[in-house]
Amino acid sequence: MRTKIVAGNWKMNNDLAESNTLIQNLVSQIKDETLENTRVIVAPTFVNLKSVVDVAKGSSVEVAAQNMHQADNGAYTGEISASMLKGIDINIVILGHSERRAYFGEGDALLAEKTDAALKNNLEVIFCFGEELEDRKSENHFNVVESQLKNGIFHLEASAWKNIILAYEPVWAIGTGETASPEQAQEMHAFIRNLVSDKYGKELADSVSILYGGSVKPANAQEIFSKPDVDGGLIGGAALNASDFMAIIKAI
Ligand code: PGA
């Protein structure tokens with residue numbers, strides 16, 4: 001059975017005190033839940049990672065970074081490496097988020113390098129991709145997603161995939177309040193699983209968790225998560241509020 005995952009991407013929100021309050025709330029609410037075959041992950045901003053890790057320790061909430069640099073170390077002012085993340089007990093990193101792609105110029109080749117560096121350092125990768133509104137309007141969305149996967153992550157050996165989580169995030173649905181319909185999400189997730197199957201075989205494809213991201217809220221989570229190829233969500237805005245995030249976790 002595939003693992004279900006609810007991951008909260010806090011983006012550039014929450015100062016130290018707010019981060020601590022949010023993680024404390026989540027940890028105390030989650031201990032009363034039975035999380036069957038489900039992982040819960042939060043991704044605070046870099047400066048608050050260590051503190052959130054310390055609060056989450058011993059709970060069933062895992063902590064991820066939102067990004068990392070591809071080099072091990074060196075003269076890269078302002079950057080953070082995989083080994084630095086490992087050094088504070090971070091075992092998961094989000095790569096390729098559309099905001100990194102759009103505002104920081106991260107393309108497929110760089111993301112392939114970052115993925116390699118993360119895996120080399122035993123980090124698990126939540127690899128994000130998804131089409132823009134124009135691509136969907138021009139019915140080019142399948143091609144865009146296929147090329148993001150082929151150029152960003154299909155160079156990996158099959159054995160590396162045990163540390164890969166995919167996150168399909170249509171850019172037009174991120175932070176816009178607009179959500180892909182459950183049918184649109186299912187259609188794309190099935191397409192993605194087929195691509196993975198064509199390249200790596202059905203068994204591997206059936207084992208990969210594919211998350212949906214883009215305006216998931218308590219009101220729509222259950223319907224989206226009920227689709228057979230949707231294995232959870234990457235949540236932005238609604239992950240900043242403990243009760244909304246808990247409602248989404250319960251929906252799964
Ligand atoms: P959103 O963000 O839930 O606020 O749309 C999703 C994401 O960027 O991962």
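In the predicted model, helix 4 (residues 98–103) provides the largest share of the lining of the largest pocket, with three residues coming from this element. The largest pocket has a volume of about 410 Å³ and is lined by 14 residues, among which Lys-11, Met-12, Gln-66, Arg-100 and Phe-104 lie nearest its centre. When the lining of the largest pocket is divided by class, six residues are nonpolar, five are polar and three are charged.

The ligand, however, occupies the space of the second largest pocket, for which a volume of about 230 Å³ was computed. The lining of the second largest pocket consists of 19 residues, and those lying nearest its centre are Ile-174, Gly-175, Ser-215, Gly-236 and Gly-237. By class, the lining of the second largest pocket comprises five nonpolar, 10 polar and four charged residues.

Around the ligand itself, the shell is made up of Lys-11, His-97, Glu-169, Ala-173, Ile-174, Gly-175, Gly-214, Ser-215, Leu-234, Ile-235, Gly-236 and Gly-237. Of the residues in this shell, four are nonpolar, six are polar and two are charged. Lys-11 appears both among the residues around the ligand and among those nearest the centre of the largest pocket.

Polar contacts to oxygen atoms of the ligand involve both side-chain and backbone atoms of the protein. In the case of His-97, an N or O atom of the side chain is placed 2.6 Å from a ligand oxygen atom. The backbone contributes through Gly-236, of which a polar atom is 2.9 Å from an oxygen atom of the ligand, and through Gly-237, of which a backbone N or O atom lies 2.8 Å from an oxygen atom of the ligand. On its own the ligand has 280 Å² of accessible area, and the protein covers 95% of this area.

Notes. Residues numbered from 1 in each chain as written. Predicted model: local features only at pLDDT ≥ 70, side-chain atom pairs only at ≥ 80, totals over all residues. Heavy atoms only, no water. Near = heavy atom within 4 Å. Polar contact = N/O pair within 3.5 Å; in protein donor to acceptor, adjacent residues only side chain to side chain. Areas by Shrake-Rupley, 256 points an atom, 1.4 Å probe, with all protein chains shown as cover. 1 Å grid on protein atoms, 1.4 Å probe; cavity = no way out; pocket = protein on both sides within 12 Å on 5 of 7 lines; lining within 4 Å. Sits in = over half its atoms within 2 Å of the grid points. Nonpolar A, V, L, I, M, F, W, Y, C, P; charged D, E, K, R; others polar. Points joined across faces, edges and corners; volume = space filled by probe spheres on them. Helix = DSSP H or I, 4+ residues; strand = E, 2+ residues; numbered from the N terminus.
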